[in-house]
Every structure is written in structure tokens, then in C-alpha cells.
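User: Could you take a close look at the place where the two chains meet, and at the salt bridges there and elsewhere? I would like one connected explanation that I can follow with the model open.

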Amino acid sequence: MANHSQLGFQDASSPIMEELVEFHDHALMVALAICSLVLYLLTLTLMEKLSSNTVDAQEVELIWTILPAIVLVLLALPSLQILYMMDEIDEPDLTLKAIGHQWYWTYEYTDFKDLSFDSYMTPTTDLPLGHFRLLEVDHRIVIPMESPIRVIITADDVLHSWAVPALGVKTDAIPGRLNQTSFITTRPGVFYGQCSEICGANHSYMPIVVESTPLKHFEAWSSLLSS
Amino acid sequence: MEVPPPFSPSRSPPNPSPALSVGRSTLCTSVISLAAPRAVASLPAALCAVRLGGSVVRAAAVKVTLTGTAAAAAMAEDIRTKLEHYKTAPFDSRFPNQNQTRNCWQNYLDFHRCEKAMAAKGADATPCQWYYRVYKSICPTSWVTTWDEYREEGTFPGKI
């Protein structure tokens, strides 16, 4: 989860999120370089140190056409690479269905048995000491770590969005449509997210919690759920 | 719960039972159909990839010509093996993108068409279980319940 006054990303816990963080750092450096150049030129202009030849300026026009084109290519290539990487669907080990309601999520694991449960936010009045306000839920999603997971996301009533920033996942939940996304968690842990599409009065109060555990613990949990 | 609108027009399959296509490998050219017992399948001398709903079952090949019934039995055996090793719905190249609505719908239809066709022939409906497993994995339970109710009422929008 994010800490108080955190500005940067949460620690990446999936390969895609690691790529996104790297790309963000790269794009930020490009933006910093451009801003520095513009600030420098602005300063020169204000100090009247820049001459202005309005008639013959072909060399500078060439530079300020080619250079931005190069910058755009430097941004586009990694961006498209990650975009296509996000769409790769390796053979998943598990399919999880997430169905958005006003104002809770329903999760279904139906590859073998019909396992299904609702996930409501824990009200602040019932929150145990040390737990995270507006982020904890009564029933978490448990998944095996280091396994490709396919998530099918839909909604029952209005638009919602299923997002977990640490895993680099955000997908809209649209009534009547099944949206597929996938992720792999690189380590065990608990990852928090919140509904990311305005859906009514309690839009801020329907969080998502993904608990990633070794396979044997996941199997134990699912046996418990099915009994 | 809003269920997806009926897709129109519903295409009826070329024959009452789903055709299991042998594809991808250029060496496999026959379409094996469970509903066409007189079809003859030839497996040329190379690895022959059989595609079923996106999954590939490789059949080690020698130059063999099977009769339709034997081919159907081999196919049913392949499906049983795949069902035993089923983890979750595999990647289906017919539905490569984010929107998987049609994937759910199509497998639901295919299962019930398969069951109906097998029942009409008095044949074993075990191979139909593949479609059942896939739609169970992908489709929300409430959608399946609603569609089952529509079928019982006779108002199901799909063609089965």
C-alpha cells in the first residue's frame, strides 16, 4: 500500500510493474531534459542573448524538427514494447473472476469447484489495531505466488474498475462484458488496491486485497473455503 | 444482472456437433468431425498438431490412415487426457484480446450443442466436458444461472 504522503510508485511486485517503473524513470528523464533546455532558452531570451534571424533559419529549423522526432521514438519504442508485453497471455495456472457490485467485489474460483465469496471493506469501527484504514477487507483474494493468474473482470450493475498498483493492474469492470488481464506475483505478500471508476456513494469504500502465498498455503486455503 | 445481448445472427455450426479442426501444421489437412463417422483422417508422417479450443495435443505420427470411428475414438481419448490435466481455460487464439465475452458465450453454446448432438446420436458425451470446463472457468456463475433459466423457459437467445 502507499505510505503517508508517498509520491512515487509502490514497490513493484510483478514483472510488468517493474517494466512500467523503469519506463516511467526513463520518460521522466526525457521530460527533465526537455524542461531544462526550455528553461535555458527562456533565460537566454529574457536576457536578450538570442539573436533572431527571421529570414534564413534552415539549420535551426532542421535541428528542432529532427531532435523532437528522435525524442518521440525514444519514448514510443519502450512504451509499445511494454504495451505488447502486457497483452501476452502465457498459459495461466488459475482463472479468477472479479465481479463488481455496489459496493463490494465478488470473487469466483471455478476451475475445479464452485468457490465464490464476497469481499467487503472492513469498517473503520471494526478495524483491528495496526490494520490499514479503508483498505482492509473481510475476505481477501488468495493466489499462489510466481504463477500466471488470469483475472476475468466484470460488473453487476454500474462501471467499476479493478486495480492493484503494486502489480501494475487496472482493468475496467463493465456490465455485460468480460475483460481479461493477467499478472504474476514475484514474491509473497499482501497487495492493496481500490475501485478506480466512480460507481456511486461508496466508490471509495470497496477496496481490493490480493494475498500472494506459496502454493501449498493456497491449496490449504482453498480446501478450507470449499469445506 | 445484465447478461450480454444475444449475438446476432447466431451461426449454426456446419454440422450438429462441433467440428474438431486439425490445423496449424501444414501437414494436417483433414477436418475430423465426431458427427461424420464416415470421414477418413490421414495423419501424414510428421508431427501433427491437433487444435482443440486453442490447446494443442501433439499426436506422434507415422503414416497411418484411420477410419472415422477409430479417429473419433482417438480424439475422445485425447480429450479425456486433456480433461485429466485440466488446470484452467487455455489461451484460445479465436479470442486473443482483452474482451473475452464471446469466449464464454461460445463455449457455453458449444457445450449444449455438443450434448444435444451426442444425445441425438446416442453417443458418449464425455468429450463435451471440455467446453463445460472452459465455460465454467470463464463465465460468471450468475450469467450461467440466468442462461440455464432461459433455456428451461425456452427463451434462450442462442441457437442450440
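Analyst:

**Where chain A meets chain B**

Between chain A and chain B about 2,200 Å² of area is buried, and carbon and sulfur atoms give 45% of it. On the chain A side, the residues that lose the most area to chain B are A:G176, A:L178 and A:Q180, which together make up 25% of what that side buries. Please keep in mind that this is a predicted model.

Counted by residues, 25 from chain A are in contact with 23 from chain B. Polar contacts across this interface join 15 residue pairs, with both residues at pLDDT 80 or more. If you want to find the chain A side by its elements, look at β1 (94-101), β5 (149-155) and β8 (179-183), each of which gives two or more residues to the side that touches chain B. That side of chain A divides into 9 nonpolar, 7 polar and 9 charged residues.

Now to the charged pairs. The count between chain A and chain B is 2 salt bridges, while a search of the whole structure finds 9 over all chains. A pair that crosses between the chains is B:K87 with A:D93. B:K87 sits in the loop between α1 (68-84) and α2 (101-121) of chain B, and A:D93 in the loop between α2 (58-87) and β1 of chain A. Their side chains meet at 2.8 Å, N to O. B:K87 is partly exposed, at a relative accessible area of 44%, and A:D93 is also partly exposed, at 28%.

Within chain A, A:E211 forms a salt bridge with A:R140, and the closest N and O atoms are 3.0 Å apart. A:E211 belongs to strand β10 (residues 207-213), whereas A:R140 is in the loop between β3 (115-119) and β4 (141-144), so this pair ties together parts of chain A that are 71 residues apart in sequence. A:E211 counts as partly exposed at 22% relative accessibility, and so does A:R140 at 25%.

Within chain B, the side chains of B:D92 and B:R94 meet in a salt bridge at 2.8 Å, N to O. Here B:D92 is buried, with a relative accessible area of 5%, but B:R94 is partly exposed at 45%. Back in chain A, salt bridges that share partners join A:E136, A:R140 and A:E211 into one network.

Note on methods. Residues are numbered from 1 along each chain as its sequence is written. Chains are lettered from A and ligands numbered from 1 in the order in which they are written. This is a predicted model: local features need pLDDT of at least 70, side-chain atom pairs count only at pLDDT 80 or more; totals for chains, interfaces and linings use all residues. Side-chain values use heavy atoms; hydrogens and water are left out. Contact means heavy atoms within 4.5 Å. Buried area is the accessible area (1.4 Å probe) that two parts lose on being put together, summed over both. A salt bridge is a side-chain nitrogen of Lys or Arg within 4 Å of a carboxyl oxygen of Asp or Glu. A polar contact is a pair of N or O atoms within 3.5 Å; within protein, one must be able to donate a hydrogen and the other to accept it, and residues adjacent in sequence count only if both atoms are side-chain atoms. Helices (H or I, at least four residues) and strands (E, at least two) are DSSP runs, numbered from the N terminus. Ala, Val, Leu, Ile, Met, Phe, Trp, Tyr, Cys and Pro count as nonpolar, Asp, Glu, Lys and Arg as charged, and the others, Gly among them, as polar. Buried means under 20% relative accessible area, exposed over 50%, partly exposed in between (1.4 Å probe, protein chains only).
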